Amino acid sequence: MTTPPALSASSTPARRTVLALTAAAALTAGAPSARASAPVGHARTADGPSTAARALAELRAGNARFAALRQTHPHEDAARRAAVAVSQHPFALILGCVDSRVPPELVFDQGLGDLLAIRSAGQALDEAVLGSIQFGVEELGVPLVVVLGHERCGAATAAVEYVRTGKPAGGHLARIVEELAPAARAARGLPGDWVENTVRANVARIRRRLARDEAFDKALIMGARFDLDTGNVAFHPS
């Protein structure tokens, strides 16, 4: 049995995952994906927003429709389904929470192929999530990444309780709570509600972490918060 060669720095598990995703995307699309040369100017082959500024404007407009209960439910017909069956060109990537009340496509009134949605409890980051974001930015040319927190987040509440009592969460939940704990500590003692401040601190912390990572330097990274009561999303750059 032949001994495999030693892995190089470019052959880490995370890198291999991205390469596998790249190969799958090429087979699906039938052509190499477009790449960008600047954070707000990704070249894309679809007819949707082609820059981060335009993508953000579309998200704002879609959310305004959602909040006003005037959704248009775009890109849900047979023609759109046939078009995205052979290739995809999402104009924004939403890193959101798994909370059932915050589905990105509904919150921003978008349809098939418009958004690349990645969801984990409290937007917790791990290598799978980071690799998925890199796939969207590098291989699909997504110009805008939005870290979307939300009101009354259960993961933020659990992190606050962990910081308050020191009692760890059970099972796999411990990983999520520990990921959000730094935000809960940073928000402790601030005026207002501790959980809500933790939500904001967590979004800001994740946004800064992504913005510092060269794997995502071709995209604009934004933070945002969804209000469950009004349906409105407030965007903030930091």
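# A tour starting from Ser120

Begin by selecting Ser120 which, leaving aside its neighbours within four places in sequence, is in contact with Gly96, Cys97, Val98 and Val129. The model on the screen is a predicted one, and every value quoted on this tour is computed from it. Ser120 has its place in the loop between strand 2 and helix 5, the latter covering residues 127–139. Is Ser120 buried or exposed? Its relative accessibility is 12%, and because buried means under 20%, Ser120 counts as buried.

**The whole chain**

Now zoom out and colour by secondary structure, which for the protein chain comes to eight helices and five strands. Read from the N terminus on, the elements follow the order α-α-α-β-α-β-α-β-α-α-α-β-β. Of the 238 residues in the chain, 44% count as buried, and the chain exposes about 12100 Å², of which carbon and sulfur atoms supply 58%. Among contacts between residues at least 6 apart in sequence, 70% join residues at least 24 apart.

**The sheet**

Select the five strands next, and follow them across the open sheet that they form in the order 2-1-3-4-5, with mixed pairing. At the edges are strand 2 (115–119) and strand 5 (233–236), each of which pairs on one side only. Direction ignored, neighbouring strands of the sheet are turned by 25° against each other on average.

Staying at the strand 2 edge, add strand 1 (residues 92–96), which runs parallel to strand 2 and is joined to it by five bridges. Within this pair, Ile94 stands opposite Ala117 of strand 2.

Then move to the other edge, where strand 4 and strand 5 pair in the antiparallel sense over four bridges. These two strands form a hairpin with six residues between them, and Gly231 in the turn has a positive phi of about 85°. Select Phe226 as well, which stands opposite Val233 in strand 5. In a regular strand the side chains alternate between the two faces of the sheet. If you show the side chains of strand 5, you can follow such an alternation: Val233 and Phe235 point to one face and are buried, whereas Ala234 and His236 point to the other and are not buried.

**Helices on the sheet**

With the sheet still displayed, bring in helix 2 (residues 52–67), which lies across strand 1, strand 2, strand 3 (144–150), strand 4 (220–226) and strand 5, and runs at about 35° to strand 3. Add helix 8 (residues 194–212), which packs on the sheet and touches strand 1, strand 3, strand 4 and strand 5, its direction making about 170° with that of strand 4.

**Helix 6, seen down its axis**

For the last stop, select helix 6 (residues 154–165), whose 12 residues should span 16 Å at 1.5 Å a residue; its end C-alpha atoms are 16 Å apart, which agrees. Which residues of helix 6 are buried? They are Ala155, Ala156, Ala159, Val160 and Val163. Turn the view until you look down the axis of helix 6, and the buried residues fall within an arc of 140°, so they line one face of the helix. An α-helix has 3.6 residues a turn, so residues three or four places apart point the same way. To see what covers the buried residues of helix 6, display its surroundings, which include helix 7 (173–187) and helix 8. Finally, step to Gly166, which follows helix 6 and has a positive phi, near 80°.

Conventions. Residues numbered from 1 in each chain as written. Heavy atoms only, no water. Pairing = 2+ DSSP bridges. Axes fitted to C-alpha atoms, helices over the stretch in contact; angles between N-to-C directions. Contact = heavy atoms within 4.5 Å. Expected span 1.5 Å × (residues − 1). Buried < 20%, exposed > 50% of the residue type's maximum accessible area, 1.4 Å probe, protein only. Arc of directions from axis to C-beta. Areas by Shrake-Rupley, 256 points an atom, 1.4 Å probe, with all protein chains shown as cover.
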